[in-house]
Amino acid sequence: MNNNQPVLFTTNHNNVFGSQVPDEAGIYNVVVSPESIAKNSNNGNPMASMDYVVMDGTQKGKHIYDRLVWTNTSQENHDLSIKRFNTVMMAAGFQDGIDIHTIPEFVQKMLRQRLAVETEWQKSEYNGNTYLVVTRYRMLQANGSQPNGQKRPQNNNNQTNNGFGTANQANNKQLFNNNNGAPIDIDNDQLPF
């Protein structure tokens with residue numbers, strides 16, 4: 001107990017290894033993280049890769065990932081893209097009449113905005129794993145986040161054990177940059193795609 005030394009860290013039960021995503025589906029008040037980025041989808045379409053952080057309740061601090069893809073392959077797809085991106089901005093409280101020119105501009109305007117997202121567990125057709133997926137966007141909920149008790153199915157391939165994962169999961173990580181040069185390790189099972 002040397003009080004002359006600078007504090008290296010302070011213990012905090014909210015800052016431990018474990019799942020970074022909520023363990024229940026439901027409606028969550030979230031803030032858009034600065035880790036959200038604009039990029040292209042696997043098929044080359046412009047995409048907003050959104051990282052929402054739960055603001056309150058039992059899942060506070062956990063992340064919900066969402067991908068919004070812009071498609072122009074037909075007039076119908078173009079119109080649906082407009083509606084998809086506009087819905088998110090309206091849920092965040094933006095007013096009518098704001099022109100958005102690019103997906104990076106959309107992401108920039110959304111950073112640190114608050115809204116609510118409704119989520120449910122969905123099985124991926126790509127790899128068979130089950131992920132927490134955003135199904136609706138809402139205005140911030142005055143009565144707070146509302147997990148609905150629906151937990152990820154136990155027979156899922158992407159479960160973690162004690163936060164360190166299995167040997168397979170430890171070798172199946174993706175590195176991201178957190179804007180200060182330090183990498184962030186995120187298991188593939190924490191991503192909805």
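Trainee: How many Å does helix α1 reach from its first C-alpha to its last?

Mentor: This is a predicted model, in which local features need pLDDT of at least 70, side-chain atom pairs count only at pLDDT 80 or more, and totals for chains, interfaces and linings use all residues. Residues are numbered from 1 along each chain as its sequence is written, and side-chain values use heavy atoms, with hydrogens and water left out. Helix α1 (a DSSP run of H or I, at least four residues, numbered from the N terminus) holds 17 residues, 75-91. Its expected span, 1.5 Å times one less than its number of residues, is 24 Å, and the helix comes close to that with a reach of 24 Å.

Trainee: Which residues of α1 are buried?

Mentor: Buried means under 20% relative accessible area, with exposed over 50% and partly exposed in between (1.4 Å probe, protein chains only). The cover over these residues includes α2 (103-110) and β5 (114-123). The buried residues are Ser-81, Phe-85, Val-88, Met-89 and Ala-91.

Trainee: Is Asp-66 buried or exposed?

Mentor: Asp-66 lies in β4, a strand (a DSSP run of E, at least two residues). Its relative accessibility is 7%, so Asp-66 counts as buried.

Trainee: Which side chain does a polar contact of 3.2 Å join to that of Asp-66?

Mentor: A polar contact is a pair of N or O atoms within 3.5 Å; within protein, one must be able to donate a hydrogen and the other to accept it, and residues adjacent in sequence count only if both atoms are side-chain atoms. At 3.2 Å, the partner of Asp-66 is Tyr-52.

Conventions. Contact means heavy atoms within 4.5 Å.
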